[in-house]
Amino acid sequence: MTPPRDPADDLLRWAVFSCLLAPVVLLLCGSSLAGAAGVACGLAAVTAACRLLLRRSRRAAARTPSAPSRTRHGRRRAAGTRARAYAPRDGGRTPAG
């Protein structure tokens, strides 16, 4: 059985294809060779940066354990602390009326 294809790989293939296609179209439309080469280099740089960021995010996602949520300072959140955030500011008193 073949492993499932990753959609990100398809995205990168299309990006490489566009890096090759854009300069060809520019040359056919009458652009200079230097301009087309500049576009090709720019698109290749953007594609490489996106690929690097995609790999980093995949590695980070693979490393992240499914641990309990933590607060900003690294402490575990106690049960019931979320309810405090939604408590009324007047201490729960309602106007008599």
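**Exercise 1.** How many helices and how many strands are there in the protein?

*Solution.* The model is a predicted one, in which local features need pLDDT of at least 70, side-chain atom pairs count only at pLDDT 80 or more, and totals for chains, interfaces and linings use all residues. Residues are numbered from 1 along each chain as its sequence is written, and side-chain values use heavy atoms, with hydrogens and water left out. Taking helices as DSSP runs of H or I with at least four residues, and strands as runs of E with at least two, one finds three helices and zero strands. Read from the N terminus, the order of elements is α-α-α.

**Exercise 2.** Determine how helix 1 and helix 2 are oriented, and describe their contact.

*Solution.* First, the axes (lines fitted to C-alpha atoms over the stretch in contact, with angles from 0 to 180 degrees between N-to-C directions) of helix 1 (residues 7-28) and helix 2 (residues 33-63) come within 8 Å and cross at roughly 170°. Helix 1 is therefore roughly antiparallel to helix 2, a term for angles over 145 degrees. Next, the contact (heavy atoms within 4.5 Å) involves residues including Leu12, Ala15 and Cys19 of helix 1 and Leu43, Thr47 and Arg51 of helix 2.

**Exercise 3.** Is threonine 47 buried or exposed?

*Solution.* Threonine 47, which lies in helix 2, counts as buried because its relative accessibility is 15%, where buried means under 20% relative accessible area and exposed over 50%, with a 1.4 Å probe and protein chains only. Apart from neighbours within four places in sequence, threonine 47 is in contact with Ala15 and Cys19.

Note on methods. Parallel < 35°, antiparallel > 145°, perpendicular 65-115°, else oblique.
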